[in-house]
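Hi everyone, thanks for making time for this. Please bring up the sequence and the model, and we'll walk through them together.

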Amino acid sequence: MTTETKTRQLPAAVTLTRGAEARIAHLMENAPEDAIGVKLSTPRRGCSGLAYSVDYVTEEQKFDEKIETPGGTFYIDGGSVLYLVGSVMDWREDDFTAGFVFENPNAKGACGCGESFMV
């Protein structure tokens, strides 16, 4: 009797809206030559502990989650995935501000300015 291991496709840790995907495409169109994608991480900073950071990435890291989008590759830092599971990432613009916005079900609180969050 042979046992076969079955692998199932897991949903991405973060759902990207069409606006976020379009912004990633725009970033990749204007990216430095050595950039292979855009990466989301949650460095420790701000008054609540963790912040969202989106930057260009030049090489894949072993435990990063990789999401292929129509406009380019989106990575999630392996050490940040647990803080982000179930989140939705959007790009919003109005007359005065523009930026990525996160709906994170893991965030238990945020600072008053919205710069950082805690889990």
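Let me start with a question: is aspartate 90 buried or exposed? Keep in mind that this is a predicted model. Aspartate 90 turns out to be buried, because its relative accessible area is 16%, and buried means under 20%.

Aspartate 90 also has a partner. Arginine 92 forms a salt bridge with aspartate 90, and their closest N and O atoms are 3.0 Å apart. Arginine 92 itself is partly exposed, at 39% relative accessibility. Arginine 92 makes a salt bridge with glutamate 103 too, where the closest N and O atoms are 3.5 Å apart. That second pair links distant parts of the chain: arginine 92 belongs to strand β7 and glutamate 103 to strand β8, eleven residues apart. Glutamate 103 counts as partly exposed, with 47% relative accessibility.

Now let's look at those two strands. β7 covers residues 87-93 and β8 covers residues 98-103, and the two pair in the antiparallel sense over six bridges. Together β7 and β8 form a hairpin, with four residues between them. If you'd like a landmark, find methionine 89, which stands opposite phenylalanine 102 in β8.

Which sheet do they sit in? β7 and β8 belong to an open sheet of three strands, in the order β1-β7-β8, with mixed pairing. The edge strands are β1, residues 14-16, and β8, and each of them pairs on one side only. On average, neighbouring strands in this sheet are turned by 30 degrees against each other, direction ignored. β1 and β7 pair in the parallel sense, over three bridges. Here the landmark is threonine 15, whose bridge partner in β7 is valine 88.

Next, the other sheet. This one is open as well, with four strands in the order β4-β2-β6-β5 and mixed pairing. β4 (53-57) and β5 (65-69) stand at the edges with a single partner strand each, so one side of each has no neighbour in the sheet. Neighbouring strands here are turned by 25 degrees against each other on average, again ignoring direction. Strand β2, residues 37-41, pairs with β4 in the antiparallel sense over five bridges. To find that pairing on your screen, look for serine 41, which stands opposite serine 53 in β4.

So where does helix α1 come in? α1 lies across β1, β7 and β8, running at about 70 degrees to β7. α1 also lies across β2, β4, β5 and β6, and there it runs at about 125 degrees to β2.

Let's stay with α1 for a moment and check its length. α1 has twelve residues, 18-29, and at 1.5 Å a residue they should span 16 Å. The C-alpha atoms at its ends are 16 Å apart, which agrees.

Which residues of α1 are buried? They are Ala20, Ile24, Ala25, Leu27 and Met28. These five cover an arc of only 160 degrees around the axis, which puts them on the same side of α1. As a reminder, an α-helix has 3.6 residues a turn, so residues three or four places apart point the same way. On the other side of α1, Arg18 and Glu29 are exposed.

Here's a spot that is easy to miss: serine 80. Serine 80 is in the loop between β6 (72-76) and α2 (81-84). Is serine 80 buried or exposed? Serine 80 is buried, because its relative accessible area is 2% and the cut-off for buried is under 20%. Leaving aside neighbours within four places in sequence, serine 80 is in contact with Ser41 and Thr42. That brings back a residue from earlier, since Ser41 is the one that stands opposite serine 53 in β4.

Let me finish with the charged side chains. Side chains of opposite charge can pair when their charged atoms come close. How many salt bridges are there in this model? The count comes to six. We have already met two of them, both involving arginine 92. Another joins glutamate 68 and lysine 66, at 3.7 Å from N to O. Glutamate 68 counts as exposed at 55% relative accessibility, while lysine 66 is partly exposed at 43%.

That's my tour, so over to you for questions.

Key. Residues are numbered from 1 along each chain as its sequence is written. This is a predicted model: local features need pLDDT of at least 70, side-chain atom pairs count only at pLDDT 80 or more; totals for chains, interfaces and linings use all residues. Side-chain values use heavy atoms; hydrogens and water are left out. The expected span of a helix is 1.5 Å times one less than its number of residues. Buried means under 20% relative accessible area, exposed over 50%, partly exposed in between (1.4 Å probe, protein chains only). The arc is that of the directions from the helix axis to the C-beta atoms. Two strands pair if DSSP finds at least two bridges between them. Contact means heavy atoms within 4.5 Å. Axes are lines fitted to C-alpha atoms, for helices over the stretch in contact, and angles run from 0 to 180 degrees between N-to-C directions. A salt bridge is a side-chain nitrogen of Lys or Arg within 4 Å of a carboxyl oxygen of Asp or Glu.
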